[in-house]
Amino acid sequence: MDGISKFWAWWRGRDRMMAGSAEIEEDIARVRAFTMLTHPRLVNLHRQVETCEKRKIPGAFVECGTWKGGAVGLMALANLRHGKARRILHLFDSFEGIPEPDAAVDGSLAVEQVRSVQGGVDGRLVAVQGLYEKFAGSVGTLEDNRRLLEKEIGYPAEFIRYHRGWFQETVPADAGAIGSIAILRLDGDWYASTKVCLDHLYPRVVPGGFVIVDDYGTYEGCRKAVDEYREAKGIRSALGKIDSSAYAWVKKK
Ligand SMILES: C[S@@+](CC[C@H](N)C(=O)[O-])C[C@H]1O[C@@H](n2cnc3c(N)ncnc32)[C@H](O)[C@@H]1O
């Protein structure tokens with residue numbers, strides 16, 4: 001096991017120890033109805049925020065693919081608990097559902113799931129109807145995100161940026177105004193959705209900052225986009241396994 005793999009093994013051990021701690025569980029309970037993330041992913045995310053605050057890692061917290069905002073909500077709660085100052089939170093989503101996967105790159109699971117609701121698999125930027133209704137209850141709207149963050153959590157609205165639309169349009173257009181990023185959380189499932197975010201937002205992640213890819217272990221296209229990007233950019237930081245789907249790495253200093 002090399003040094004970085006040892007780091008992730010240690011980190012997961014700490015996650016297991018911290019799961020069940022009153023403060024983390026209290027914060028998770030407040031966002032539970034607004035997120036699809038598993039418990040290990042939520043514990044890990046809470047600890048990443050705490051680490052950023054304690055080590056004074058500068059930058060915004062960004063999520064691409066927020067659904068109802070629960071993961072961003074947890075970052076907000078952890079910042080309120082551990083941060084001396086508020087972070088800017090950037091939320092990227094269509095807020096109307098996921099676009100079509102592309103059968104050429106996204107793999108059989110994505111294709112099967114989308115075809116099960118009669119959706120197209122040609123990679124068009126149109127929302128697949130009925131997918132979240134079938135697998136998660138409903139799509140996440142901008143109003144769901146706003147209600148959780150601003151009303152239920154009470155995070156100050158002047159620190160929240162909503163980027164509404166397809167990543168392929170909003171991410172390239174808005175990346176320049178984002179500044180540095182401490183945590184980049186990618187949760188867009190498909191190849192094209194993951195790739196555009198890495199291309200435009202990864203360069204903004206500060207050394208010591210975290211990159212989390214929620215679907216690396218689940219969807220082939222997401223994994224392909226990450227592997228290609230890491231290979232092209234010569235990124236050697238070990239991918240740490242959070243659970244069977246989510247992986248993360250720390251940008252090297
Ligand atoms: C799996 S859900 C995100 C789950 C969320 N992070 C949570 O805490 O439960 C994926 C989200 O990504 C969004 N999404 C995926 N690809 C997108 C794209 N290319 N442009 C805009 N939104 C996209 C979908 O609308 C959906 O809300």
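**View 1. The ligand occupies the largest pocket of this predicted model**. A pocket is an open set of points, on a 1 Å grid over the protein atoms alone, where a 1.4 Å probe fits, with protein on both sides within 12 Å along at least five of seven lines. A molecule sits in it if more than half of its atoms lie within 2 Å of its grid points. Local features need pLDDT of at least 70 and side-chain atom pairs 80 or more, whereas totals for chains, interfaces and linings use all residues. Residues are numbered from 1 along each chain, and side-chain values use heavy atoms, without hydrogens and water.

**View 2. The shell around the ligand has 23 residues**. A residue is counted if one of its heavy atoms lies within 4 Å. Among the closest are T35, M36, G65, D93 and D187. Nine residues of the shell are nonpolar, nine polar (a class that includes Gly) and five charged (Asp, Glu, Lys and Arg).

**View 3. Polar contacts of the ligand involve T35**, **G97** **and F167**. Such a contact is a pair of N or O atoms within 3.5 Å. A ligand oxygen lies 2.8 Å from a side-chain N or O atom of T35. For G97, a polar backbone atom is 3.0 Å from an oxygen of the ligand. A polar backbone atom of F167 is 2.9 Å from a ligand nitrogen. Of the 600 Å² of accessible area that the ligand has on its own, the protein covers 98% (Shrake-Rupley method, 1.4 Å probe).

**View 4. Seven strands form an open sheet with mixed pairing**. Their order is β3-β2-β1-β4-β5-β7-β6. Strands are DSSP runs (E) of at least two residues, and two strands pair if DSSP finds at least two bridges between them. At the edges, β3 (160–164) and β6 (240–241) each pair on one side only.

Conventions. Polar contact = N/O pair within 3.5 Å; in protein donor to acceptor, adjacent residues only side chain to side chain. 1 Å grid on protein atoms, 1.4 Å probe; cavity = no way out; pocket = protein on both sides within 12 Å on 5 of 7 lines; lining within 4 Å. Helix = DSSP H or I, 4+ residues; strand = E, 2+ residues; numbered from the N terminus.
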